Amino acid sequence: MLIRPITIAALVGFTLLTACSKNEAASAASTAAAPSATVAAAPAPAQAAAGGVEKGEKVYKSTCAMCHGTGAGGAPMFKSKDDWAPRIAQGKDTLYDHALHGFTGSKGTMPAKGGNASLSDEDVKAGVDYMTSKAT
């Protein structure tokens with residue numbers, strides 16, 4: 001039945017577009033209303049590493065899991081060594097670039113920032129690091 005896959009793809013696409021528009025509007029509103037921030041001292045390396053894992057897991061659960069938890073759009077499945085190995089072999093810089101700017105390949109499509117424009121570059125990289133660490 002061709003109708004079912006098309007319907008599912010349309011719903012996933014609509015969900016991603018809806019999520020993007022809400023996040024962009026919320027981000028714009030919070031940026032406009034936010035007072036100037038002060039710069040905090042950099043955390044100690046151990047704290048940064050622990051914070052990175054926690055941040056990566058949070059980003060994965062809030063954004064990445066929609067596709068990487070289901071394989072939607074050809075996304076490599078979370079914790080699948082077979083899915084992730086060829087991508088990890090390309091290097092972190094390539095993974096970061098694809099996650100940050102989007103990518104269309106022979107196996108599927110990766111929307112820029114997972115379709116969540118409100119994520120910072122650091123958040124996206126933490127999500128990539130978290131997923132790749134679980135696939136090895």
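Let's start at one glycine and work outwards. Setting aside the neighbours within four places in sequence, G102 is in contact with D97, M110, P111 and A112. You'll find G102 in the loop between α4 and β1, the strand at residues 103–105. Now look for G115, which sits 13 residues away from G102 along the chain. In space, the C-alpha atoms of G102 and G115 are 8.9 Å apart.

Keep in mind that you're looking at a predicted model. So how confident is the predictor, going by the mean pLDDT of the protein chain? That mean is 76, and 62% of the residues reach 70 or more. The confidence isn't spread evenly, though: among the elements of the chain, α4 has the highest mean pLDDT, 98, while helix α1 (residues 3–33) has the lowest, 45. Over residues 14–48, the pLDDT is below 50. Beyond near neighbours in sequence, that stretch has 11 contacts in the model. Here's a reading tip: where pLDDT is low, don't read the predicted coordinates in detail.

Back to α4, then. Helix α4 covers residues 92–101, and helix α5 covers residues 121–134. Their axes come within 10 Å and cross at roughly 125°. What do we call that arrangement of α4 and α5? An angle over 115 degrees but not over 145 counts as oblique, and therefore α4 and α5 are oblique to each other. The crossing of α4 past α5 is right-handed.

Which residues make this contact? From α4 come K92, L95, Y96, A99 and L100, and from α5 come D121, V124, K125, V128, D129 and T132. Sort the contact residues by class and you get six nonpolar, four charged and one polar.

Finally, hunt for rings. A search of the whole structure turns up three aromatic pairs. One of them is made by Y60 and F78, whose rings are 4.2 Å apart, centre to centre. Are they stacked or edge-to-face? There are 25° between the planes, and the pair is stacked. Y60 belongs to helix α2 (residues 45–68), whereas F78 lies in the loop between α2 and α3 (81–88). With their positions 18 residues apart, the pair links distant parts of the chain.

Definitions and conventions. Residues are numbered from 1 along each chain as its sequence is written. This is a predicted model: local features need pLDDT of at least 70, side-chain atom pairs count only at pLDDT 80 or more; totals for chains, interfaces and linings use all residues. Side-chain values use heavy atoms; hydrogens and water are left out. Axes are lines fitted to C-alpha atoms, for helices over the stretch in contact, and angles run from 0 to 180 degrees between N-to-C directions. Helices (H or I, at least four residues) and strands (E, at least two) are DSSP runs, numbered from the N terminus. Angles under 35 degrees count as roughly parallel, over 145 as roughly antiparallel, 65 to 115 as roughly perpendicular and the rest as oblique. A crossing is left-handed if the near helix is turned anticlockwise from the far one by less than a right angle, and right-handed if clockwise. Contact means heavy atoms within 4.5 Å. Ala, Val, Leu, Ile, Met, Phe, Trp, Tyr, Cys and Pro count as nonpolar, Asp, Glu, Lys and Arg as charged, and the others, Gly among them, as polar. pLDDT is the predictor's confidence in each residue, from 0 to 100. Rings of Phe, Tyr and Trp (its six-membered ring) pair if their centres lie within 6.5 Å; planes under 30 degrees apart count as stacked, over 60 as edge-to-face and the rest as tilted.
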